[in-house]
Amino acid sequence: MEVVSLNRVYGGLQGVYRHPSAQTKTDMTFSVFVPPHAEGERLPVLWYLSGLTCTHANVTEKGEYREACARLGIVFIAPDTSPRGDDVPDDEGYDFGKGAGFYVDATQAPWETNFRMRSYIEQELPDLIAAQFPVDMARQGITGHSMGGHGALTIALRNPERFRSVSAFAPIVSPLACPWGEKALGGYLGPNRDTWREYDACALIEDGARLPDLLVDQGDADGFLADQLKTPLLVGLCEKAGQRATIRMQPGYDHSYYFISTFMAEHVEWHAARLKA
């Protein structure tokens, strides 16, 4: 594991790291904030999955999570959204290919070799984090934005025993029901929509998956809300299924990091209450 950068902030260390990934067959970059802590102490973990076009850098530079994480003793981890490199296949659109891994394991050519972001996030990177950082992997939470909100919800719903807390900012709640999802899941997984269901939060809840609790914030001025994010679908399904959830429409907020940074500390505090219970 290569240290790309390391900076002291709020008494802790903000690092950026690079390592060769067995899953994606590329080098992968991620960021980790480790708050101040006692020698030998193991800290709870909050994963943050980013959205379309983003890398680890977007939330690292704009997310405004460090003060809350330092105060509450939470390790904050931000992976990349896709494999990178000259030999990695890509698409002309911003919503497919590099920067748009959708946290799936692709099965279709030419994507299946590199686009294994589900296995990277669920298996490979957690193993690396557990070996290299002062973390308590029995206390994990997960959150994310947009495509990353989709990733956080689906990963948690498939692995409910792993995550004590789950939240999201403006998530894509049903890729089966939106243009972004149809393009991505069709391209990565093929035309059989039954195989898409494990990558759709609404479908997973409909099929019986449950979380202990859920927090979602969504801006009502978000230009993607009606066509791509479909928040009302998640509201209705949670009510029907009895899934405990707090889903808040925030007046005047859009899809940007101004929105995320406004509510980030509140999300960190919400996770901390559950990770430290």
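Is Leu6 buried, partly exposed or exposed? Leu6 counts as partly exposed, because its relative accessibility is 46%, a value between the 20% and 50% cut-offs. Keep in mind that this is a predicted model; the legends below walk through it view by view.

**Figure 1. The whole chain, for orientation.**
The protein chain has 9 helices and 9 strands. Its radius of gyration is 17 Å, close to the 19 Å that the globule rule gives for 277 residues, so the chain is as compact as a globular protein of that length. The C-alpha trace spans about 50 × 45 × 35 Å along its principal axes. As for burial, 59% of the 277 residues count as buried.

**Figure 2. Leu6 and a nonpolar patch on the surface.**
Here's the partly exposed leucine from the opening question. Leu6 sits in strand 1, which covers residues 2-9. Together with Val3 and Leu13, Leu6 makes a nonpolar surface patch of about 240 Å².

**Figure 3. Strand 1 meets strand 2 in a hairpin.**
Stay with strand 1 and look across to its partner, strand 2 (residues 12-20): the two run antiparallel and are joined by 7 bridges. To find the register, start at Ser5, which stands opposite Val16 in strand 2. The hairpin has 2 residues between the strands, and Tyr10 takes a positive phi near 50° there. As general background, side chains in a regular strand alternate between the two faces of the sheet.

**Figure 4. Strand 2 carries on to strand 3.**
Strand 2 also pairs with strand 3 (residues 27-34), again in the antiparallel sense, over 8 bridges. A handy landmark is Gln14, standing opposite Phe33 in strand 3. This hairpin has 6 residues between its strands, and Lys25 in the turn shows a positive phi of about 60°.

**Figure 5. Strand 4, tucked away with parallel neighbours.**
How many of the 7 residues of strand 4 (residues 43-49) are buried? The count is 7 of the 7, so strand 4 is largely enclosed by the rest of the structure. One partner is strand 6 (residues 135-144), which runs parallel to strand 4 and is joined to it by 6 bridges. Look for Leu43 opposite Val135 in strand 6. Strand 5 (residues 75-79) is another partner, pairing with strand 4 in the parallel sense over 3 bridges. In that pairing, Trp47 stands opposite Ile77 in strand 5.

**Figure 6. Asn159, a buried loop residue with a polar contact.**
Asn159 is found in the loop between helix 4 (147-158) and strand 7 (163-169). Why does Asn159 count as buried? Its relative accessibility is 11%, and buried means under 20%. The side chain of Asn159 has company too: a polar contact of 3.3 Å joins it to the side chain of Glu122.

**Figure 7. Asp95, another loop residue under cover.**
Now pick out Asp95, in the loop between strand 5 and helix 3 (117-132). Is Asp95 buried or exposed? Asp95 counts as buried, because its relative accessibility is 11%. Gly187 is worth bringing into this view as well: the C-alpha atoms of Asp95 and Gly187 are separated by 11 Å, while the two residues are 92 residues apart along the chain.

Methods. Residues numbered from 1 in each chain as written. Predicted model: local features only at pLDDT ≥ 70, side-chain atom pairs only at ≥ 80, totals over all residues. Heavy atoms only, no water. Helix = DSSP H or I, 4+ residues; strand = E, 2+ residues; numbered from the N terminus. Buried < 20%, exposed > 50% of the residue type's maximum accessible area, 1.4 Å probe, protein only. Polar contact = N/O pair within 3.5 Å; in protein donor to acceptor, adjacent residues only side chain to side chain. Patch = residues over 30% accessible without salt bridge, like charges linked within 9 Å, V, L, I, M, F, W, Y side chains within 5 Å. Areas by Shrake-Rupley, 256 points an atom, 1.4 Å probe, with all protein chains shown as cover. Salt bridge = Lys/Arg side-chain N within 4 Å of Asp/Glu carboxyl O. Pairing = 2+ DSSP bridges. Rg over C-alpha atoms; globule rule 2.2 N^0.38 Å.
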